[in-house]
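Grab a pencil and have a go at a few short exercises. Try each one yourself before you read the solution.

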Amino acid sequence: MPAGGFRFLGQSAWNWETRGFLRACVGHVLLGHQPFEANHRPPADHRVPADFCGICVASAADADSDDYVIARLRELGITQVRVDYTYGSESNHVDRFLNALLDADFAVLLHLVQPKDAAEQMPGDAAQARWRSFVADVLGRYGPRLDAVEFGSTVNRRRWAGYSLPGFVAAWGSAFDAARRHDLTICGPNVTDFEPLYTVGLLHLMRRSGRVPDVCTDNLFVERVIEPEVYDPHVGGRLLTGVLKLNLVKKARQLRHAAERYGVGALWNSYVSWTHPRIARKLPNVEAKQADYLTRYLVLTAASGAMERVYWGPLISSREGLIDDPGNPDGTEELVTFYGTVHGPADSYRPRAAFAALAQFNAVIPGSRYAGRLVSGDGLEVHAFESDTHLTHVVWTRNGAAAFLTDIYAATDLAAAQILAQDGACPPEPRLATEAPLYLRWPASRPVEVNESARPVPALAVNLHEPGGTYFPYRDADWQGLVIARDAAHAEQLIDALHPARVAELPRGGLLRKARNAIWTVQDPVDAHRQLAIKQPIKLRINKRLIERFRPSKARRSFSGACQLLRRGIDSPRPVAYFERAQGAGLTENWYICEYQTGSRSVRDYFTAYAAGEERYDGLTLNEFLDALVPWLVTLHRVGVVFRDLSGGNVLVRRTDDGTLAFSLIDTARARFTDGRVSMPKRLSDLKRLCHKLHWEGRRELMERYLAAVGRTFSPLYRVPFYLYDLKAGLKRRARGRF
């Protein structure tokens, strides 16, 4: 049973509702009705309903908001809307807004919501009487004009909705009977998240009472797995993730299976969104990522064939809307339970990137036939849709990854395609498939071949949403790589000057390092105001030579590490290009090029000074320096970075215009990245390297602050890695004759 589930069952564990609910759940699993073998790949050859896209809407006390919402719905091309209606709505702006939508011929799914305090009193006589009266009154006034009616609101979240199991069953029964008298399409039970046992248990009770909905509704969120495509590690644990393969497609198909088993022939997702705070836990470009996730989610649910309709929600909200609502900057309420109002004023609303993404999807995909997923591996998605006029492919990768379009399609097919970004614009010279979906369109009659074995480039990451540059792949008979440039002409200039055959000819500004790697500076051949740093491996120990033969080049790993840091909001000198041998290992024949960051000290400089007894360095005491450093370290690990070479010399420090300290990471080839939590052993592995030049009093201060921020203390167990690292470093110095 999911967290909080037993509270939902109510006070007595032996009422008839609870017994029936639990019996249905146990039977669903033990009798094999939970189809774990259902394919996680979407089935081909089914039609996406023309009315597939819906959206949850609300208005404000200001009547201008009604006109604003209706105008935006026209821009989206969406006519299916969901409106929340509760006690008191009949006497405020919600009633006015509902009438405006109906007068404008929108198909309204009216979601009747019992307030939480009233739901908590169910199935008491007074609470039931008021609910019956409310439903009868609303349906009596609006029933013939509605497209459908929905009852239940996140019923498996008692702290949001207020229902116990007996309370919800009573509310459902009286509402269902009233809706049947009006011959309405009835939707429910509105379970939130992927919790199929709740759906099964509730549908069992509904069938037992003869009150099965016409449409099963669920709020199928996948926010917690970060990306729409990935397998959910929260069901069955990480060890079973690859066995269950429970991705969005499989989740939707399992919910559909459960609904059909109880005689419900349709499944709608009545509310789904990505909240900005959840995206911001890992990534800074929140609005761009919301647009990416919206398109990817809708394509996958359309491809699944399991859902007839998806209502995105909400249209307007500061926290999660497709349109920003500055009138409510905090936006902390759970709108999935009740979305009753926006704040405005109407002239302050601002459409976000996700708004254009929904308009583009709705213009292209609904009404088409899904022809299948055209690549066989994970990490790259190519989905084909056919209409009477067009063949459309929607192409994207997992977050941060990139695939060359020329690895997916023949050059002739690419030349013949109309390529559109997810906002409907024509991107300038697109050459990569990335985390932001592309629409590739051809006439319906044109045959297009796809390399089904195409994959993202191994160990290559790009920082797609960083402004100021486009990624241009380069390949010739001897070399390959990637260049970041303003446009194709700028890319050609950079490639011509920085190509491995000519880079040695550039005048060097200075040699920064020559050990295992050579690092030197050059003037940017195109921009006189920019210096570049070039890094090339020149020495590899015997064991490294063996290992490196089976890994991507160090230049590619350095480029990718910098891009991964930047896309997670951690500063690093901006990458410009990398080049490597097109064939063979080329262990020392690879170059990484980035902007040169001038005027920076390093954390090692500060720690060495404090360890030498200086009370202040660069005007700061140790405690003042840690005030800036420790929160940055906490953020580094919170966003999923395990740097693996976090020595003080690899953390640059500079003062910003307002005098605060900013930190930047260099030497990025060894970094690893995760969407999950960074374990404490990996955190300590980073921190022990960083603290090595600092005296023990300073280490304790840093670690106590860091661990306090993550709810831990600097226990003797956590000190062991520091002692062992000191011992290891001392032995290495002795082996090299340094004392």
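What follows is a set of three exercises on this predicted model, each with a worked solution.

**Exercise 1. A pair of strands**

Work out in which sense β21 and β22 pair, and over how many bridges.

*Solution.* Start by finding the two strands: β21 covers residues 508-514, and β22 covers residues 517-523. Next, look at the link, where a hairpin of two residues joins β21 to β22. Now check the pairing, which is antiparallel and runs over five bridges. To see it in place, pick R508 and look across: V522 in β22 stands opposite.

**Exercise 2. Cysteines**

Find out how many disulfides the structure holds, and explain why C594 has no such bond.

*Solution.* Begin with the idea itself: a disulfide is a covalent bond between the sulfur atoms of two cysteines. Then take C594, whose closest cysteine sulfur belongs to C563. The two sulfurs are 11 Å apart, so they are too far from each other for a bond. The cut-off for a disulfide is 2.5 Å. For the whole structure, the count is zero.

While you're here, sort two cysteines by accessibility. C594 has a relative accessible area of 11%, so it is buried. C426 comes out at 58%, so it is exposed.

**Exercise 3. Around V653**

Decide whether V653 is buried or exposed, and list what it touches beyond its sequence neighbours.

*Solution.* First, place V653: it sits in strand β28, residues 651-655. Its relative accessibility is 2%, so it is buried. Setting aside neighbours within four places in sequence, V653 contacts S600, R601, S602, V603, Y606, F625, L661, A662 and F663. Finally, try A433: it lies 220 residues from V653 in sequence, and their C-alpha atoms are 35 Å apart.

How values were computed:
Residues numbered from 1 in each chain as written. Predicted model: local features only at pLDDT ≥ 70, side-chain atom pairs only at ≥ 80, totals over all residues. Heavy atoms only, no water. Pairing = 2+ DSSP bridges. Helix = DSSP H or I, 4+ residues; strand = E, 2+ residues; numbered from the N terminus. Buried < 20%, exposed > 50% of the residue type's maximum accessible area, 1.4 Å probe, protein only. Contact = heavy atoms within 4.5 Å.
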